[in-house]
Amino acid sequence: MKILGISAYYHDSAAAIVEDGKVLFAAQEERFSRIKNDASFPGKAIEYCLNESGFSFDDIDLIAFYDKPFLKFERLLETYYAFAPKGFKSFAMAMPLWLKEKLFIKQFIRRKIKELGALNSKSIPIHFPEHHLSHAASAFYTSPFRKSAFLTVDGVGEWATTSYGVACGKKGIQVLGELHFPDSLGLFYSSFTYFLGFEVNSGEYKMMGLAPYGNSKSQRVERFKDCIKNNLVDIKPDGSIKLNKKFFEYPVGLRMVNPKKWERLFEFKKRLPEEKLEQIHADFALAAQKVLEEILIKLITFVKQETGENFLCLAGGVALNCVANSVLFNQKVFNDFYVQPASGDAGGALGAALASAYIGQGIIFDGLKEPFDVYLGPRFSNLDIERLLRKYKCNYQYFENKEHLIEATTEYIIDKKVVGWFQGRTEFGPRALGNRSILAEASDPDMQYTLNMKIKFREGFRPFAPVVCEEDYDRYFEKGKASYYMLFTSLVKDSLRTKLPENFKEFSLEEKRTFKKSELSAITHIDFSARVQVVKKDLNPMLWSLIQSYKKITGVGVLINTSFNVKDEPIVNTPEDAYLCFMKSGMDVLVLENYLIVK
C-alpha cells in the first residue's frame, strides 16, 4: 500500500511517501521554494517524493492530510463567537482564505494533484487523521518500541494542544486524554518568544539558547517565575494548564499578547527585534524555560501513572526543545525516550501517512531495529554538480577517492577554515545532521563569534552544536541521552571545563559569551551544556570518517556542526543553493560530494 502524506497551511508544509508502513522519502516545501517555514501546498515536495520513488499518482492508494480542517474551522468559529466582538479584524482576515481554500481542502487537494499530473485525481481516497494523532504516529512508528506511552505537545491542532495515550504495534494508537485550545503550552512559550522580540514559530530556538545566560539564583528570575505562575498560568498537579486569557491575545488577535499588560506585569518593556539583548531579557527567558520544564515534568509523571508504560514517544513543536527534553530524560520517569526528529508540522505529513498505513490496516509494527533514517530528501549526482560548476565557471578539485577528499577537508578544518559540507540526501526536519552542514573546529575560542557574525549573520549569543562519533561520546560528555538527531543536551565533561570566576554572574552577556568555558570552547554553552549530535558509522559513514580523520591528527574527536544556511533562509537543498550560500557568506571551503572549492 502506497500512501502520500501531506501537511500544509500553518507552517513547515511537507510531503512524505510511505509504502507498506516503511518511510521511503520525505521533504519540506521550504527546501524547494526557498521560503523559510513555507506553509503553502507542498507541490514541489510531492513531485520530489513521486519522482524519487518512481511512482505516479496512479500508484498511490491513499492520500493522508495531517489534520481535520472541519474541526479546525469549528474551533475558529467557536473561538471568535466566544470572544466577540473582540477579534473581528482577525476574523475578517481569516475567513476569505478558509471559504476559498481551507474549508474545501479535499477538492483543493484534488485540484492541486491534477495540476501535478494526476489523471484520475477523483479516484484517490483522501483521509484526514487528527493533528495530534499524526504527531503521535510520526513518533511511535519511527521509534524502536513495540509499545509505549506517547505525549504530543504543540501550539494547536484542531482543538487539542496536548494529548497523551498508549501506542501499540498490534492495537494501534489509543488517545487517553487531551488539553484543548486556548490552553496551550506551545502558544504559552511562543508568547514569551514574542515579548522578547523573536519571531513566533521560529524564534523559540533563540529564546531557548538565551535562557542559560539568565542568573538562575537571582531574585529577578524567581520574581519572574512567581509572576508567571501567579498571573499567567494555573498549573494543575497532572501538568494540565489554564491560561489567564486577559493576558493573551492569540485566540482571536493578530499578536500573541498585549505588550502594555505584560510590561506592567513584568516591569520592563517589550524588546524590539533589533534591540540589544540585556541581562533582564536572559533572566526572563530563563524563567519561562523553567516554568515550561516544571509543567512538562508534571505531564510525563502523570502519563507514566496513567499508562504504566516503560517507554515514551514525544512529538509536537514543544518536543524540539532539547533543553527540556534532557531535563525530562534525567527525571528517569521512563526507561527511555524517543523524540521524532521532525516533531513540528513537517513531521505531520509523515505521521498522517504512517497512521493511515498502520491503524486499521492489519500491519503490525515491531519497533525499528535500526535508528530512524532522516536522510529522506533529494540527492545529486556528480554530473549535476559538474553542470553547476561549469555554469559558474568555478575552479575546483575533483577527488576520485573519498578518503583523499576527507584528508583534504581535514587539513582545511585544522587550518581554522569553515567548511560547507554537502553530501548525500537532504535531512528531513529542522536540523542539519551532517549532509547539509557547516563544519568547523570546536576547540577554537573565536569560532563561535566567527560563525555567528561572518557566516550565519545572526545573534552572537547563539550556541553551536558539537558532532561526535558514537564511540567517543563518553570521552567528551557526561552521561546523558546520546542523540543521533540533536534533540537532547549533554554536559561537557568536568575535566574539560574551565573554572568560572566568582563574579561570573556579574559579567555582561557579551563577557559571558566570550569567556573560555572549556577546551571545546566553541560548542560549550554558558551552563557547560551542548546540543550533541552522535554519529553512528552506519548512519552517516562520510561524516563519521571525517571526524575520525580530524581526531587522528589533532587528538580531538569533536567538530562544530551547524545547518548550511544563513539567517532567515532554509537549509540548502541543491548544489546551487549550497554554492550561492557559500559565495555570499564567509565560508572558506565548499565540499559538494567529490568536489572541493576554495574561495
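Mentor: Before we start, a word on terms: a residue is buried under 20% relative accessible area, exposed over 50%, and partly exposed in between. Also keep in mind that this is a predicted model.

Trainee: Okay, let me try that out. Is Arg-223 partly exposed or buried?

Mentor: Arg-223 has a relative accessible area of 32%, so this residue counts as partly exposed.

Trainee: And what does Arg-223 form a salt bridge with?

Mentor: The partner is Glu-267, and the closest N and O atoms of the pair are 3.9 Å apart. Arg-223 sits in helix H9 (residues 219-232), while Glu-267 is in the loop between helix H10 (259-266) and helix H11 (279-307), so the salt bridge ties together parts that are 44 residues apart in sequence.

Trainee: Is Glu-267 buried or exposed?

Mentor: Exposed, because its relative accessibility is 61%.

Trainee: How many salt bridges are there in the whole structure?

Mentor: The search finds 32. One of them joins Glu-470 and Lys-536, with the closest N and O atoms 4.0 Å apart. That pair links distant parts of the chain, 66 residues apart: Glu-470 is in the loop between strand S16 (465-469) and helix H17 (473-476), and Lys-536 is in the loop between strand S19 (533-535) and helix H19 (541-554). Glu-470 is partly exposed, at 33% relative accessibility.

Trainee: What about Asp-494, which residue does it form a salt bridge with?

Mentor: With Arg-497, at 3.8 Å between the closest N and O atoms. Asp-494 is exposed at 52%, whereas Arg-497 is partly exposed at 25%. There is also a network: Arg-146, Asp-366 and Lys-369 are joined by salt bridges that share partners.

Trainee: Let's switch to sheets. What is the order of the strands in the open sheet of five?

Mentor: The order is S3-S2-S1-S4-S5, and the pairing is mixed. S3 and strand S5 (126-127) are the edge strands, each pairing on one side only.

Trainee: How do S1 and S2 pair?

Mentor: Strand S1 (residues 2-7) and S2 are antiparallel, with six bridges. Ser-7 has Ala-14 of S2 as its bridge partner. Six residues lie between the strands in that hairpin, where Tyr-9 takes a positive phi near 80°.

Trainee: And which strand do six bridges join S2 to, running antiparallel?

Mentor: If you mean beyond S1, that is strand S3 (residues 22-28). Val-18 has Val-23 of S3 as its bridge partner. This hairpin has two residues between the strands, and Asp-20 takes a positive phi near 50° there.

Trainee: Why is S2 largely enclosed by the rest of the structure?

Mentor: Because five of the six residues of S2 (residues 14-19) are buried.

Trainee: On the other side, do S1 and S4 pair in the parallel or antiparallel sense?

Mentor: Parallel, over four bridges. Ile-3 stands opposite Leu-62 in S4.

Trainee: Back to Asp-20. Which residues gather with Asp-20 in a patch of negative charge?

Mentor: Asp-58, Asp-59 and Asp-61 join Asp-20 in that surface patch. Asp-61 is in the loop between helix H2 (43-53) and strand S4 (62-65). With a relative accessible area of 38%, Asp-61 is partly exposed.

Trainee: Last one: is Val-153 buried or exposed?

Mentor: Val-153 is buried, with a relative accessible area of 3%. You'll find Val-153 in strand S6 (residues 147-153). Val-153 and Lys-68 are 85 residues apart in sequence and 17 Å apart in space, C-alpha to C-alpha.

Terms used
Residues are numbered from 1 along each chain as its sequence is written. This is a predicted model: local features need pLDDT of at least 70, side-chain atom pairs count only at pLDDT 80 or more; totals for chains, interfaces and linings use all residues. Side-chain values use heavy atoms; hydrogens and water are left out. Patches are made of residues with over 30% relative accessible area and no salt bridge: like charges are joined within 9 Å, nonpolar side chains (Val, Leu, Ile, Met, Phe, Trp, Tyr) within 5 Å. Accessible areas come from the Shrake-Rupley method with a 1.4 Å probe; for residues, only the protein chains shown count as cover. A salt bridge is a side-chain nitrogen of Lys or Arg within 4 Å of a carboxyl oxygen of Asp or Glu. Lys and Arg count as positive and Asp and Glu as negative; His and the chain ends are not counted. The place of a charge is taken as NZ of Lys, CZ of Arg, CG of Asp or CD of Glu. Buried means under 20% relative accessible area, exposed over 50%, partly exposed in between (1.4 Å probe, protein chains only). Two strands pair if DSSP finds at least two bridges between them.
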